[in-house]
Amino acid sequence: MDPAHPGETLREDAPPALAAGGTGVCFVVPTYNEAPNVVPLLRRLTGLYADPDAAFLVVDDESPDGTGRLVREFAATDGRVRLLEGPRRGFGQAYVRGMTHALETLGADAVVQIDADFSHDPADARRLLDRLADGADVAIGSRYVAGGSLDPRWSAGRRLLSRWGNRFARYIADIRGVRDCTSGFKAIRADALGAARVEDIRARGHTFQIALLHRLIHAGARVVEEPIHFRERERGRTKLGARSILEFFLAVWWLRLTSHRVLLKYGLTGLVGVAVNLGSFQVLLGLGLHKFLASPIAIELSIVSNFLMHNYWTFAGRVMAGRKRVRGLKYNAVSLATLALSYATFVGLSVPFPRASPVLLQACAIVPAVALNYLANAYWTFRDTAPK
Ligand SMILES: Nc1nc2c(ncn2[C@@H]2O[C@H](COP(=O)(O)OP(=O)(O)OP(=O)(O)O)[C@@H](O)[C@H]2O)c(=O)[nH]1
Ligand SMILES: [Mg+2]
């Protein structure tokens, strides 16, 4: 535990430290109609980070106010400044283009994302880079940790949106431990960014920050937060619109769903199992078998189909300790318990409801078995033993 930053841990197997001071750092600045801000920002950034290896990449979406032209003129005075231009597809996609360019074309060691409107103080980037040098993969400029603050000029509505948007994203998208998950001011180590596959992010608006953080964390990045003061923009107009807000609240749910892929696959495997169980039960009854004999055979058939799907699909990506034979034995034990529970439920229901449809009772008997089966298999038989 880092005593200066309670709640954050840095693992001992930290990668080699990044040189402090910004060597190989690429600042990525998305702009749309930032003509009043872009030159003062570039002047400040290039002045603060004098290292010849640093790069300053402006990603402009063909701003009608001439932002691109101003950047080109400035780039003529400092070769470290670059401009990427393209049609408008939102700042999320501007970041995707900019970060991919920083990694693949410029070969940056680290990327700093920063807004063009001086909401983020360029001088604070130094502290973020220092945290990378200390071994973090991601350092977030955070408004919501001790010492961080918001401009008092922010309206009550904007504060509420930011605070609750953050809480919502943290819990629903399962970004545990991060206080400011919508911050657009971060330093990120290039290898962590590569592992997160930033190029696959589809978000256009503020969801980009959540999607990126989600991917970084799931790829194993060490994330720390550094307090910042967030200033209201002085010049130019906001681009935060209703579309971006709506995208944000919908996309967070999508992240939740896809991050629980195992549960999703388990559910689909279960549905196939139910079809095998009830289908074979009906066939066996049709062949003239007694229901008390047809029931366990149908359950067994579904257990076999579930095992095959779990082994080759649901849990195929897991790193599992121990031998396959032991896993097979465990699976059999779980299956036996599942079969016993399911059959007991079927018989238990058949006694008080002798006239009920046997297929309906067989279906009811699946319910408690599914819960037992999932818990036992996910946390015992196919337990993931890869280091977290
Ligand atoms: N390339 C590109 N940049 C954009 C686009 N929309 C916003 N930006 C830039 O992304 C950064 C953040 O956008 P802002 O409009 O400041 O959003 P915000 O910080 O949530 O809102 P305000 O500070 O109130 O304006 C700024 O540098 C913008 O110029 C876009 O569609 N394309
Ligand atoms: Mg802004």
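## Exercises on a predicted fold

Start with one pair of residues: Phe 27 sits opposite Val 112 of strand S4. Keep in mind that this is a predicted model. Each exercise below comes with a worked solution.

**Exercise 1. Find out which strand pairs with S4 in the parallel sense, and which one runs antiparallel to S4.**

Step 1. Go back to the opening pair, Phe 27 and Val 112 in S4. The parallel partner of S4 is S1, and 4 bridges hold the two together.

Step 2. Now look at strand S7 (residues 186-189). S7 runs antiparallel to S4 (residues 110-113), again with 4 bridges. On this side, Gln 113 faces Lys 186 in S7.

Step 3. Ask whether the faces of S4 are covered or open. They're both covered: Ala 110 and Val 112 are buried on one side, Val 111 and Gln 113 on the other. That fits the usual pattern, in which side chains in a regular strand alternate between the two faces of the sheet.

**Exercise 2. Work out the strand order of the open sheet and say which strands stand at the edges.**

Step 1. Walk across the sheet and you get S3-S2-S1-S4-S7-S5-S8, which is 7 strands with mixed pairing.

Step 2. Check the ends. Strand S3 (81-85) and strand S8 (223-227) each have a single partner strand, so one side of each has no neighbour in the sheet.

Step 3. Add the twist, which averages 20 degrees from one strand to the next.

Step 4. Put a helix on top. Helix H2 (residues 67-75) packs on the sheet, where it touches strand S1 (25-31), strand S2 (55-60) and S3, and its direction is at about 150 degrees to that of S3.

Step 5. Step back to the whole protein: it has 12 helices and 9 strands.

**Exercise 3. Describe helix H3 (residues 90-104), and say whether Glu 104 is buried or exposed.**

Step 1. Start with length. H3 has 15 residues and spans 21 Å from first C-alpha to last, close to the 21 Å expected at 1.5 Å a residue.

Step 2. List what is hidden. The buried residues of H3 include Gly 90, Phe 91, Tyr 95, Val 96, Met 99 and Ala 102. Among the elements covering the buried residues of H3 are S1, S2, S3, S4, helix H6 (190-195) and helix H7 (207-218).

Step 3. Turn to Glu 104, which belongs to H3. Count its neighbours: 11 other C-beta atoms lie within 10 Å, so Glu 104 is exposed; the cut-off for that label is 12 or fewer.

Step 4. Look across the chain. The C-alpha of Glu 104 is 10.0 Å from that of Ala 190, although the two are 86 residues apart in sequence.

**Exercise 4. Locate Asn 33 and Arg 197, and compare how exposed each one is.**

Step 1. Check the backbone. Asn 33 isn't a glycine, yet its phi is positive, about 50 degrees. Arg 197, also not a glycine, has a positive phi near 50 degrees.

Step 2. Place them. Asn 33 lies in the loop between S1 and helix H1 (35-48), while Arg 197 is in the loop between H6 and H7.

Step 3. Count neighbours. Asn 33 has 18 C-beta neighbours inside 10 Å, so it's partly exposed. Arg 197 has 10 C-beta neighbours inside 10 Å and counts as exposed.

**Exercise 5. Which residues have the most contacts inside the largest nonpolar core?**

Step 1. The core has 69 residues, and the ones with the most contacts inside it are Phe 27, Val 28, Leu 57, Ala 110 and Val 111. H7 gives the largest share, 7 residues.

Step 2. Zoom in on Leu 57. Leaving out residues up to four places away in sequence, Leu 57 touches several residues, including Phe 27, Val 28, Leu 84, Gly 98 and Ala 102.

Step 3. Look for a separate core. There's a second one of 5 residues, with Phe 281, Ala 294, Ala 298 and Ile 299 among them.

**Exercise 6. Describe how helix H9 (residues 261-286) meets helix H12 (residues 358-381).**

Step 1. Take the geometry: the axes come within 11 Å and cross at roughly 150 degrees. The crossing of H9 and H12 is right-handed.

Step 2. Name the contact residues. On the H9 side they include Tyr 266, Gly 270, Val 274 and Phe 281, and on the H12 side Val 359, Ala 363, Ile 366 and Tyr 374.

Note on methods. Residues are numbered from 1 along each chain as its sequence is written. Chains are lettered from A and ligands numbered from 1 in the order in which they are written. This is a predicted model: local features need pLDDT of at least 70, side-chain atom pairs count only at pLDDT 80 or more; totals for chains, interfaces and linings use all residues. Two strands pair if DSSP finds at least two bridges between them. Axes are lines fitted to C-alpha atoms, for helices over the stretch in contact, and angles run from 0 to 180 degrees between N-to-C directions. Two residues are in contact if their C-beta atoms, placed from the backbone, lie within 7 Å. The expected span of a helix is 1.5 Å times one less than its number of residues. A residue is buried if 20 or more other C-beta atoms lie within 10 Å of its own, exposed if 12 or fewer, and partly exposed in between; C-beta atoms are placed from the backbone. A nonpolar core is a set of buried Ala, Val, Leu, Ile, Met, Phe, Trp, Tyr and Cys residues joined through C-beta atoms within 7 Å. A crossing is left-handed if the near helix is turned anticlockwise from the far one by less than a right angle, and right-handed if clockwise.
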